[in-house]
Amino acid sequence: MTITVIVMTTSASVPTGPEGAIRTGGAGEDGTVTDRLVKANARYAADFTDPGMDARPVLRVAVVACMDARLDLHAALGLELGDCHTIRNAGGVVTDDVLRSLTISQRALGTRSVALIHHTGCGLESLTEEFRHDLEMEVGQRPAWAVESFRDVDQDVRQSMQRVRTSPFLLHTDDVRGFVFDVKTGLLREIDPA
Ligand SMILES: [Zn+2]
């Protein structure tokens, strides 16, 4: 597995192609990465058959996880199409918007369990709330959101569990469990909520 070290910056100086999209650069691949995704979708759709499912997750579980590219949730958790809701953001942080999604997941679509998954080597560990300050200095506007950076991943999982368990909007808060996924071994480590 190739692990790319990402240097985070508040500047918009991400290298891009002439059209502003990052080039794939792979042999035989032409166009932007999104062009590549669209081509892949055409192949996917060619073999796709309507699974005939409704929108309610079969396993009645919502998984909240970091957006990290090394975390393949379905493969890592043995999940199949239709099994679960996946709610992802930077850090797998339980923000107001995650609570919005969980509330809809439980109240409109019947899920009952919540699994929270952070991981080793998360980009949020190398950021601080200074990121927000630097951003304000750069663009002249303070973001409304918190960066939600953290130093201790276990503690952040505990806080996330607490935010879910204490949400007044959720119907089911008895089965809320939190984990750290090890990006080097693929193993989950459960975090004691205490
Ligand atoms: Zn992460």
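**Helix H3, the sheet and the core: a chat**

Q: How far apart are the end C-alpha atoms of helix H3, and what should its twelve residues span?
A: In this predicted model, the end C-alpha atoms of H3 (residues 96-107) are 16 Å apart, which agrees with the 16 Å that twelve residues should span at 1.5 Å a residue.

Q: Which residues of H3 are buried?
A: Val98, Leu102, Ser105 and Gln106 are the buried residues of H3. They lie on the same side of the helix, because the arc they cover around the axis is only 90°.

Q: Why would residues a few places apart point the same way?
A: There are 3.6 residues to a turn of an α-helix, so residues three or four places apart point the same way.

Q: And which residues are exposed on the other side of H3?
A: Asp96, Asp97 and Arg100 are exposed there.

Q: What covers the buried residues of H3?
A: The cover includes three strands, E1 (61-66), E2 (84-89) and E3 (113-119), together with helix H5 (153-165). H3 lies across E1, E2 and E3, and it runs at about 175° to E2.

Q: Switching to the sheet, what's the strand order?
A: The five strands are ordered E2-E1-E3-E4-E5 in an open sheet whose pairing is mixed. E2 and strand E5 (188-191) are at the edges, and each has a single partner strand, so one side of each is left without a neighbour in the sheet. From one strand to the next, the twist averages 25°.

Q: How many bridges join E1 to E3, and do they run parallel or antiparallel?
A: E1 and E3 run parallel and are joined by five bridges; within this pair, Val61 stands opposite Ser113 in E3.

Q: Which strands does H5 lie across?
A: H5 lies across E3, strand E4 (176-181) and E5, and its direction is at about 155° to E4.

Q: OK, the largest nonpolar core: which residues touch the most other members?
A: That core has 29 residues, and the ones touching the most other members are Val64, Val114 and Leu116. At least two residues of the core come from each of E1, E2, H3, E3, H5 and E4, and the largest share, five residues, is supplied by E1.

Q: What does Leu116 touch, leaving out residues up to four places away in sequence?
A: With those left out, Leu116 touches Val64, Gly92, Val157, Ser160, Met161, Gly178 and Phe179.

Technical notes: Residues are numbered from 1 along each chain as its sequence is written. This is a predicted model: local features need pLDDT of at least 70, side-chain atom pairs count only at pLDDT 80 or more; totals for chains, interfaces and linings use all residues. Helices (H or I, at least four residues) and strands (E, at least two) are DSSP runs, numbered from the N terminus. The expected span of a helix is 1.5 Å times one less than its number of residues. A residue is buried if 20 or more other C-beta atoms lie within 10 Å of its own, exposed if 12 or fewer, and partly exposed in between; C-beta atoms are placed from the backbone. The arc is that of the directions from the helix axis to the C-beta atoms. Two residues are in contact if their C-beta atoms, placed from the backbone, lie within 7 Å. Two strands pair if DSSP finds at least two bridges between them. Axes are lines fitted to C-alpha atoms, for helices over the stretch in contact, and angles run from 0 to 180 degrees between N-to-C directions. A nonpolar core is a set of buried Ala, Val, Leu, Ile, Met, Phe, Trp, Tyr and Cys residues joined through C-beta atoms within 7 Å.
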